[in-house]
Amino acid sequence: MFRTRTATAPPPLSASILRAAPIVLGMTVLGLAILGFLDIPRISGDLLPLWLAGQAFAEGAPGEVYAPVEPVFRMLPPDSWAERARAAGYEGFIYPFVYPPLWAWVFGLIGRIADFQTLAGLASIVNPALLLATCLLAWRASGAAQGVVVHVVIALALLLMTPVGRIAIMQNQAQILVAFLVVLALERTRANRPVSAGAALALAASIKLFPAIFALFWLASGERRAFAAFAAMGLGLGLMSLAVAGWPLHAEFLGHVASIGRTGFFSPLSFSLDGVLAKYMTGAPIEVLLGHTAPGAEVPRRITVAEKGPALVLSGQAALLLLTASFAWAMARARQTTRNAALWPAALTLFPLIGPIAWSYYFIAATAFAPTLLSRLGMARGAAVLIVVFGPIHVWALPGMQALGTDFQRLGAVLFLILGLAFLVAARAGPERSGKT
């Protein structure tokens with residue numbers, strides 16, 4: 001069945017800016033008020049690698065942008081970064097830069113006009129607004145039956161009272177921006193704005209690569225203009241990255257991507273099915289002492305990793321191909337309302353889950369859509385799913401779960417697998433059970 005759309009001209013840019021300005025201001029103020037009430041500390045440890053890579057790039061030291069590539073990804077920064085971090089006024093753990101080289105160039109430019117503390121302060125203002133906006137956009141993208149206030153309040157509570165959003169806010173993690181851009185792309189597609197949708201998804205994929213897979217679902221479901229805009233914007237960003245950073249840095253980046261794919265990560269904040277399997281299918285785990293500006297100043301933090309065998313690496317790649325093909329098939333056959341409210345949220349849950357790391361904040365976008373289950377499955381069943389998934393990782397429940405000796409990696413993987421399956425069940429449940437359509 002062919003879909004019909006009414007073509008409408010987009011509003012002028014000036015009108016869009018004027019209309020968006022009070023919304024942006026309101027979300028910023030409200031987001032800061034909520035976070036001030038919750039008193040989440042701001043460490044900005046995940047923002048630091050972008051800053052330090054930018055400094056190294058701007059100073060003409062490309063060898064200090066990425067750490068040396070190793071068969072196993074150990075999450076260690078370049079040797080010179082501890083001194084750089086201390087000079088920037090940062091104290092704490094130091095993580096490596098694992099973003100495309102384009103962003104080292106961008107942050108090199110930013111470093112010319114602002115120091116790290118100023119940048120971290122700005123990010124602490126912007127990120128709460130982006131998190132709130134992501135919840136609002138998820139409501140618009142899904143066409144949820146419940147009102148916007150109910151949806152946003154529930155989504156924010158799920159994010160800010162669990163490690164999904166709290167860790168991201170605490171660390172000023174770039175995944176907040178990625179989640180915002182991905183959900184914005186879905187909302188713009190529903191609003192019949194394919195060019196801006198494709199541009200948003202391409203920008204997200206230029207920061208972290210995995211959103212690029214989602215463009216294939218546009219192609220499968222007939223959103224060809226959005227796919228074309230993604231391809232054009234993605235090509236432009238890729239060529240720009242090569243022009244400003246050169247091929248050698250890109251080769252290093254791709255080497256790190258391959259190294260991550262060969263590594264099993266064992267961390268309570270990594271909700272990865274791949275990591276859970278690696279615990280049982282790999283031997284000789286490696287304990288790595290993480291980088292720090294002042295080693296020995298506090299209890300050292302370690303991460304345990306292991307090199308996955310060829311069979312496990314191949315099975316992960318096969319799972320990715322199978323999941324991609326399955327979602328493309330489902331997207332091509334589903335109605336637009338089902339795609340928006342159920343299949344897209346399922347994809348946002350399941351694809352990070354089968355990846356090698358799946359840090360808790362990789363599920364920001366999926367969690368922003370979670371309240372749609374209340375209308376797709378019915379209030380009782382939808383609420384039961386939300387309680388089962390998010391209850392055990394609620395900040396009030398975590399101390400008790402820790403006292404029980406819980407394996408949080410395995411628990412998190414199971415919980416978000418349940419969420420992904422719930423969205424798939426919702427895709428088969430038909431239209432919303434209550435409220436407006």
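A residue counts as buried when its relative accessible area is under 20%, as exposed when that area is over 50%, and as partly exposed in between. Keep that in mind as we walk through this predicted model, starting with Phe210. Its relative accessible area is 26%, so Phe210 is partly exposed.

Now look at what Phe210 sits against. Its ring centre is 6.0 Å from that of Tyr362, and because the two planes meet at 25°, the pair is stacked. Phe210 belongs to the loop between α9 (194–207) and α10 (212–220), while Tyr362 belongs to the loop between α15 (336–353) and α16 (364–369), so this contact ties together parts that are 152 residues apart in sequence. Tyr362 comes in at 18% relative accessible area, so this partner is buried. Both rings also belong to one aromatic cluster, whose other members are Phe214, Phe217, Phe327, Trp344, Phe351 and Tyr361.

The structure holds 19 aromatic pairs, and another one worth finding is Phe390 with Phe416. This pair is edge-to-face, with 5.9 Å centre to centre and 90° between the planes. Phe390 is in helix α18 (residues 379–390) and Phe416 is in helix α20 (residues 408–427), so to speak a link between distant parts of the chain, 26 residues apart. Phe390 has 3% relative accessibility and therefore counts as buried; Phe416, at 0%, is buried too.

Last stop: Gln317, which you'll find in helix α14 (residues 310–333). With a relative accessible area of 44%, Gln317 is partly exposed. Its C-alpha atom is 9.4 Å from that of Ile354, a residue 37 positions away along the chain.

Key
Residues numbered from 1 in each chain as written. Predicted model: local features only at pLDDT ≥ 70, side-chain atom pairs only at ≥ 80, totals over all residues. Heavy atoms only, no water. Helix = DSSP H or I, 4+ residues; strand = E, 2+ residues; numbered from the N terminus. Buried < 20%, exposed > 50% of the residue type's maximum accessible area, 1.4 Å probe, protein only. Phe/Tyr/Trp six-rings, centres within 6.5 Å; stacked < 30°, edge-to-face > 60°.
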